[in-house]
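I opened this model to see how its parts are held together. My notes are below, in the order I looked things up.

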Amino acid sequence: MKISNVKLLRTLNKLSLPKPWDTIIILLLTLLTLIPVFIILHQNLIDPEWPAHLDRILLFLVITTIVTYVLHYIKRFLFFAIIIYVLVLLFGTLSTGYGFKSVFEDYRSMIYAMSDNPNPQDIIVSKLLPFPNKSKIIKAIEYDNPKVRNFAVGATAKHFRNIKGYKEYRQIIQCFAIFKEIQDKWNYVNDPKNREYIATASESLQHFSGDCDDHSILMAASVRAIGGTPRLIHTKEHMYPEMLIGTKADLENVIYLIKEVLFVKESKGKTIHYHIDERGQVWLNLDYTAKYPGGPFMSEEILGELTLN
């Protein structure tokens, strides 16, 4: 057994990355790992308010040292992992799938989202959760597309514009206006046979038609376009959107708005459905099958979620 281990180590040493490439690649991997780790610790650790941010400089140096040491320790195995990863990305690039450009865009968007989020580790968890066609769906949620923004603004001018009071829930009421506009117009249409077709938000605006994926994308993009926080829920055979409404205290007020002010007929005698995440935040169901925000879930099982911060 010992002889076999020695032979394995010798083989790995022979196949290790040649100098100076091993140093260059370790430096690159250190930087790619260092940035998100530093953001997470920076956001979660208490700031002792040292002069000239010396505590954060020290934190940066400590993380750099640890990450570099770990990568040096496992560098014998990095060669195989890098070769496989590059081949997979090369295949994705040539087949117009998930390739080098997708990796760059995902990493850039992740860092941007983490830097503006009080809980940046949630971004990484969201990225790691299983979600079908994640990169395509993220690209399809065109919340900064002028057509999507104009639609969202138009919906807020069309519905619930004259509701008085509830100033602290103005944005939620406007998101409910978007829900009503899409729900009134949406026409369910299946994807082409034996193919998963993902329509962009701007594309769905042409006919307000598509399947649950397309509806979820349009709803999420429109809510995000006016500053709301949506997320998509993936179940075994379904996808649906939810929106963040705040705390449990906010939930009571939002339920009153739905049942007594905005969707009185649709929600009469009905239950409001929502999820509470690990941080106590309440997410309200906006599925196309619901006639009012917080309508019944089509499927209770959650296999993955994709939050748009």
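The entries run from the whole chain down to single residues.

**Entry 1: overall make-up**

I am working on a predicted model, not an experimental one. I began with the secondary structure. The protein chain has 13 helices and seven strands. Next I looked up burial. Of the 309 residues in the protein chain, 42% are buried. Then I checked contact range. Among contacts with a separation of 6 or more, 64% come from residues 24 or more positions apart.

**Entry 2: the record**

I turned to UniProt for annotation. Its unreviewed entry gives the feature "transmembrane region" at residues 21-41, 53-71 and 78-100. I took residues 53-71 and checked them against the model. That stretch is 95% helix and 0% strand. Its end C-alpha atoms lie 27 Å apart.

**Entry 3: nonpolar cores**

Which residues have the most contacts inside the largest nonpolar core? I found Ile137 and Phe176 in that role, in a core of 51 residues. I then listed the elements that give two or more residues to this core. The helices are H7 (134-140), H8, H9, H10 (201-207), H11 (212-225) and H12 (248-262). The strands are E4 (239-246) and E6 (282-285). Another core lies apart from it and has eight residues, including Ile26, Leu34, Leu59 and Val67. Of these, Leu59 and Val67 fall in the 53-71 stretch that the UniProt record marks as a transmembrane region.

I went back to Phe176 and asked for its contacts, leaving out neighbours within four places in sequence. The list holds Phe160, Met243, Val254, Ile258, Leu262, Phe263, Leu284 and Pro293. Phe160 and Phe263 looked worth following up, and they return below.

**Entry 4: aromatic pairs**

How many aromatic pairs does the whole structure hold? The search finds six. I noted two of them in detail.

Phe151 and Phe208 make a tilted pair. Their centres are 5.5 Å apart, with 55° between the planes. Phe151 sits in helix H8, and Phe208 in the loop between H10 and strand E2 (209-210), so the pair ties together parts 57 residues apart in sequence. Both Phe151 and Phe208 are buried.

Phe160 and Phe263 make an edge-to-face pair. Here I read 5.4 Å centre to centre and 70° between the planes. This pair links distant parts of the chain, 103 residues apart. Phe160 is in the loop between H8 and H9, and Phe263 is in the loop between H12 and helix H13 (264-267). Is Phe263 buried or exposed? Its relative accessibility is 1%, so Phe263 counts as buried.

I also checked for ring clusters. Ring pairs join Phe160, Phe176, Phe179 and Phe263 into one.

One charge over a ring went into the notes too. Arg224 lies over the face of Tyr143, at 4.9 Å from the ring centre.

**Entry 5: positive phi**

I looked at backbone angles next. Phe160 has a phi near 60°, which is positive although the residue is not glycine. Phe160 lies between helix H8 (146-158) and helix H9 (170-185), in the loop. Its relative accessible area is 18%, and because buried means under 20%, Phe160 is buried.

Tyr166 also has a positive phi, near 55°, and is not glycine. Tyr166 is found in the loop between H8 and H9. Its relative accessibility is 30%, so Tyr166 counts as partly exposed.

**Entry 6: strand E7 and the loop before it**

My last stop was strand E7, residues 304-307. Both of its faces are covered. Gly304 and Leu306 are buried on one side, Glu305 and Thr307 on the other. Strand E3 (residues 230-234) runs antiparallel to E7, and four bridges join the two. I picked out one bridge: His234 has Gly304 as its partner in E7.

I then moved to Glu301, in the loop between E6 and E7. Its relative accessibility is 42%, so Glu301 counts as partly exposed. What does Glu301 touch, not counting residues up to four places away in sequence? The answer is His234, Thr235 and Lys236. Glu301 and Lys236 are 65 residues apart in sequence, and I read 7.3 Å between their C-alpha atoms. His234 thus appears twice in this entry, as bridge partner of Gly304 and in contact with Glu301.

Terms used:
Residues numbered from 1 in each chain as written. Predicted model: local features only at pLDDT ≥ 70, side-chain atom pairs only at ≥ 80, totals over all residues. Heavy atoms only, no water. Buried < 20%, exposed > 50% of the residue type's maximum accessible area, 1.4 Å probe, protein only. UniProt positions renumbered as here; feature names shortened; annotations may be inferred. Core = buried A, V, L, I, M, F, W, Y, C linked by side-chain atoms within 4.5 Å. Contact = heavy atoms within 4.5 Å. Phe/Tyr/Trp six-rings, centres within 6.5 Å; stacked < 30°, edge-to-face > 60°. Lys NZ or Arg CZ within 6 Å of the ring centre and 35° of its normal. Pairing = 2+ DSSP bridges.
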